[in-house]
Amino acid sequence: MTDQQQASPQSPTAEAPSSVSGIGVSPGRAAGPVAQLAGAVPEPGMESLPEGADLEAAAASVADHAARVAAGLTASAEKAQGESREVLETTAQMAADPTLVQVAQSHVRGQRLSPARAVWEAAGSVADQLSALGGYMAERARDVYDVRDRIVASLLGLPMPGVPQREEPFVLVARDLAPADTALLDPAKVRAIVTSEGGPTSHTAILARALGIPAVVGATGALEALTNDRLVLVDGAAGTITLDPDAAAVEAAARLAAQVRTFDGDGRTSDGHKVQLLANVGDPAGAEKAAAAGAEGVGLFRTEFCFLDRADEPTIAEQVEQYRTVLAAFPGKKVVVRTLDAGADKPMPFLTDTAEPNPALGVRGLRTAWANPQILDNQLQAIAEAAAAESADVWVMAPMIATVPETEDFVAACARHGLTTAGVMVEVPSAALLSGPILARASFASIGTNDLTQYTMAADRMLGSLATLSDAFQPAVLRMIEETCRGGAQQDRPVGVCGEAAADPATAVVLVGLGVSSLSMSPRSLADVAAVLAATSFERCQELARIAVESESADQARARVREGLPILAELGL
Ligand code: PEP
Ligand code: MG
């Protein structure tokens, strides 16, 4: 149970709640009317149209609703920009394509299927044909299903699936958000996000932080209490949603939201203790955004983007080209390149066995190199070539290191390619506990708090129902971090954090107090973290770290640290 839940006792008369709470995952306060994400469109039944039904009218209704869907999408596309516009235009074209309608109409006329069922069947066969063509065409199969759902929803009078398209800004409420839903999120329209499921490291949380949208996840009861058009005030730091807030609270939230913070590119505590503030980057576009946000470098370059959705390994030349574009955004600056982290939530057909019973505990990260050393070797070659061609200061690290011999092997493999700054990610408790001997071999450590939390707490990071365990404020996780920093200090090696915890200003203070010297996060979070550090002395960071580590629960640790940091409330964080 969160502190907020404890603070709002159940009324004996079971009055309607005045607030709902969950886990705040993206700070900021925002108010607006609720717009719920419509649930999945149900599969229409197979029953045929009754005797005497007007088959021509039924067939015409397919064309009519397809045209309405296409027109709606085109209108939305005209109002959208950038990537969202492209996605909407493509979907509109698909809805206007006569093939789907003609096949569906033939099902109505020939098999007497209802218009909705006919569209369902037709979409299945069109999508199968596209999938069989492979490549770009196969990717369009997803669009066919999207169009199918929209036409069926229109035919059955159901709400349109996906993110609502509204004129006025709104608070988006959903069970959880799928990656496809999030492609269309427009931060100018979506004031805040509330999900009833999902944890702090869920896709929704990461995306909300990346877009700078206040968000609360794991808000049990949100779907029932936050009905469409109800005015709510979301506090993405406290994790609370106030129903029917008063005008003064709404105005105060708007004032706070209007304050734009920027990062000047030099992270320090109030007394000048240096904390490098770096960015997590997943592709070349992300690198440009990170540089524009003032990041002092890249603390985690996730290279998976180059490998995902591929049937086989990209060539060394392809990799060099992609890596160079990221390095080029940070001339002369530190860029920590992480070698491929395949497996678990990032399966790759050419490398990982998807039939493993426990993928998170299976052959993932560096372990994939045991059976396929060549893929790691090729990647190191590509990183070395990219580094030689650009001026960035390239550091390399491996994910999922658990032992000292693995560290030795990785450092040696990097050295064979002339990559001399080779480090480890500390994501597995064994690596935290062995950080001394590990850092006697490796040049640096970067703590991946998403996985370190998952493995310390034995709680699947993807599971919303375990969100209270998936919390870096868990004292056991903080002790793992403390232990890693102890090993770093022993060996005089830097220890950074590149998991989501680094992006939370309160946690960032604790991490610095524990001895972490760099924090890597979504570029959007840089300014908030920098502002809070700039208002806090290093000694205060150490005191708060002590208090957090000695707490007995995550809620207690968070509450005590937040209480000791009044700057958070002042900044609306
Ligand atoms: C982590 O585990 O904290 C991390 C940064 O790696 P990823 O989220 O890519 O697993
Ligand atoms: Mg990880």
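**Around the magnesium ion and ligand 1**

Biologist: Why is Asp 451 called buried?

Modeller: Its relative accessible area is 2%. Buried means under 20%, exposed over 50% and partly exposed in between, with a 1.4 Å probe and protein chains only, so Asp 451 counts as buried. Glu 427 also has a relative accessible area of 2%, so it is buried as well.

Biologist: What should I know about the model itself?

Modeller: It is a predicted model, in which local features need pLDDT of at least 70 and side-chain atom pairs pLDDT 80 or more, while totals for chains, interfaces and linings use all residues. Residues are numbered from 1 along each chain as written, chains are lettered from A and ligands numbered from 1 in written order, and side-chain values use heavy atoms, without hydrogens or water.

Biologist: What makes Glu 427 and Asp 451 donors of the magnesium ion, ligand 2?

Modeller: Their OE and OD atoms lie 2.0 Å from the ion. Donors are N, O and S atoms within 2.8 Å of the metal (3.2 Å for Na, K and Ca), so both qualify. Water is not among the atoms, so the site may look incomplete.

Biologist: Which parts of the chain does this pair tie together?

Modeller: Glu 427 sits in the loop between strand E13 (422-426) and helix H16 (429-433), and Asp 451 in helix H18 (residues 449-457), so parts 24 residues apart in sequence are joined. Helices (H or I, at least four residues) and strands (E, at least two) are DSSP runs, numbered from the N terminus.

Biologist: How do you know that E12 and E13 pair?

Modeller: Pairing takes at least two DSSP bridges; three join these parallel strands, so they pair. Val 396 faces Ala 422 in E13.

Biologist: Why is the crossover from E12 to E13 called right-handed?

Modeller: The chain passes through helix H15 (residues 404-416) in this β-α-β crossover. Right-handed means that, with the strands pointing away from the viewer, the path from the first strand over the helix to the second runs clockwise, and this crossover is right-handed.

Biologist: What makes the link between Arg 461 and ligand 1 a polar contact?

Modeller: A polar side-chain atom of Arg 461 is 2.8 Å from a ligand oxygen. A polar contact is a pair of N or O atoms within 3.5 Å, so this one counts. Within protein, one atom must be able to donate a hydrogen and the other to accept it, and residues adjacent in sequence count only if both atoms are side-chain atoms.
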